[in-house]
Structure formats: C-alpha cells, structure tokens
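Subject: A structure for you to look at

Hello,

Here is the structure I promised to pass on. Please open it first, and then read my notes alongside it.

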Amino acid sequence: MLNCVEDNEARIVGYVDSYLTYSHEVHSERFYRFGVRAQRLSETEDVIVVTVSDKMLTEIAVEPGTKLEIKGQFRSYNNYTDTGIRLVLTLFAKEIRLAEPEETLENEVYL
C-alpha cells in the first residue's frame, strides 16, 4: 500500500512482459523501458510501460516472466511523429525489487 506523501505516486506488482529497450540519456545517465503486466481489481490485465535508470538495474535482472514490485511516478509526454502527436504514459521507477511469489498482482496510482 502506498503512503501518499506526494501528489503523484504509483506502485505496481506484476510480471515483466518485454525485454529492456533503450529509451534516452540525460546527463550521462541511460534510461530503459519495458512492459509489466499488472491486474486491475476487475482482473483485467494492463501492460504498463516502465522507464528505469541503468543505475537501478545493477542488482536486478529484468527479463520477461520476472515478478517485480515497482514504485515511482506516472509521467506523460507528447511523442511527435510524421503521423501526428501521441500522448505517452509511463511509470518512472524510483524503486524496483523482486516481488515475493505470494504477492498479488496489482496497480495503485494516486494523482
């Protein structure tokens, strides 16, 4: 459960759905993206795009099928392409850890 100290907090527990792909670099820090399958209360599954710093990936292998708990913030940006503008939503990871096998799949977002 989240403690809601900030206006934008998110926590998900789910299974990695895709391999890491390079996203961008800021001040020599590389960021990667991957998808995580998490369940709603209705048991519908969402694939949530997660953005994570390479500095957080030194102790955890992010591979499809791995069960993770991720805490962070939901962020959005406009992606401009030749076909138009697309709003992109991503969970920016601030904490990431391997989840326990008995932990339920869930997503919590407080904006």
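Below is what I found in it, from the overall fold down to single residues.

Please keep in mind that this is a predicted model.

**The overall picture**

What is the protein built from? Its secondary structure comes to zero helices and seven strands, so reading from the N terminus you will meet β-β-β-β-β-β-β. The C-alpha trace spans about 45 × 30 × 30 Å along its principal axes. The radius of gyration is 14 Å, which agrees with the value near 13 Å that a compact globule of 111 residues would have. Of those 111 residues, 37% count as buried. If you look at contacts with a separation of 6 or more, 57% of them are between residues 24 or more positions apart.

**How strand 6 is paired**

Strand 6 (84-98) is a good place to begin. Strand 5 (residues 67-81) runs antiparallel to strand 6, and 14 bridges join the two. Together they form a hairpin with two residues between them. To find this pairing on screen, look for Tyr 80, whose bridge partner in strand 6 is Ile 85.

Strand 6 also pairs with strand 4, this time in the parallel sense and over two bridges. Here Thr 51 has Phe 92 of strand 6 as its bridge partner. Phe 92 comes up again below, so you may want to keep it highlighted.

**The aromatic pairs**

How many aromatic pairs are there? The count comes to two. One of them is formed by Tyr 22 and Tyr 32, which meet edge-to-face, 5.9 Å centre to centre and with 80 degrees between the planes. Tyr 22 belongs to strand 2 (residues 21-26) and Tyr 32 to strand 3 (residues 29-39), so this pair ties together parts that are 10 residues apart in sequence. Tyr 22 counts as partly exposed, because its relative accessibility is 43%.

Phe 31 and Phe 92 also pair: their ring centres are 5.9 Å apart and their planes stand at 40 degrees, so the pair is tilted. Since Phe 31 lies in strand 3 and Phe 92 in strand 6, the pair ties together parts that are 61 residues apart in sequence. Both Phe 31 and Phe 92 are buried. Phe 92 has a charged neighbour too: Arg 75 lies over the face of its ring, at 4.0 Å from the ring centre.

**Two buried acidic residues**

Asp 46 and Glu 103 are worth a visit as well. Where does Asp 46 sit? Its place is in strand 4 (residues 45-53). With a relative accessible area of 18%, Asp 46 falls under the 20% limit and is therefore buried. Its side chain is joined to that of Arg 40 by a polar contact of 2.9 Å. Not counting residues up to four places away in sequence, Asp 46 touches Val 36, Arg 37, Ala 38, Arg 40 and Asn 107.

Glu 103 is found in the loop between strand 6 and strand 7 (106-110). Is Glu 103 buried or exposed? Its relative accessible area is 17%, so Glu 103 is buried. Which side chain makes a polar contact with that of Glu 103? The partner is Arg 97, at 2.9 Å. A polar atom of the Glu 103 side chain also lies 2.7 Å from the backbone nitrogen of Glu 100. Leaving aside neighbours within four places in sequence, Glu 103 is in contact with Arg 11, Val 13, Lys 67 and Arg 97.

**Two loop residues with positive phi**

Most residues other than glycine have a negative phi. His 27 is not a glycine, but its phi is positive, at about 50 degrees. You will find His 27 in the loop between strand 2 and strand 3. At 80% relative accessibility, His 27 counts as exposed.

Glu 43 also has a positive phi, of about 70 degrees, although it is not a glycine. Glu 43 is in the loop between strand 3 and strand 4, and its relative accessibility of 60% makes it count as exposed.

If you want a short route through the structure, start at the hairpin of strand 5 and strand 6, go on to the tilted pair of Phe 31 and Phe 92, and finish at Glu 103 in its loop.

Happy exploring, and best wishes

Key
Residues are numbered from 1 along each chain as its sequence is written. Side-chain values use heavy atoms; hydrogens and water are left out. Helices (H or I, at least four residues) and strands (E, at least two) are DSSP runs, numbered from the N terminus. Buried means under 20% relative accessible area, exposed over 50%, partly exposed in between (1.4 Å probe, protein chains only). A polar contact is a pair of N or O atoms within 3.5 Å; within protein, one must be able to donate a hydrogen and the other to accept it, and residues adjacent in sequence count only if both atoms are side-chain atoms. Contact means heavy atoms within 4.5 Å. Rings of Phe, Tyr and Trp (its six-membered ring) pair if their centres lie within 6.5 Å; planes under 30 degrees apart count as stacked, over 60 as edge-to-face and the rest as tilted. A charge sits over a ring if NZ of Lys or CZ of Arg is within 6 Å of the ring centre and within 35 degrees of the ring normal. Two strands pair if DSSP finds at least two bridges between them. The radius of gyration is taken over C-alpha atoms; the globule rule is 2.2 Å times the number of residues to the power 0.38.
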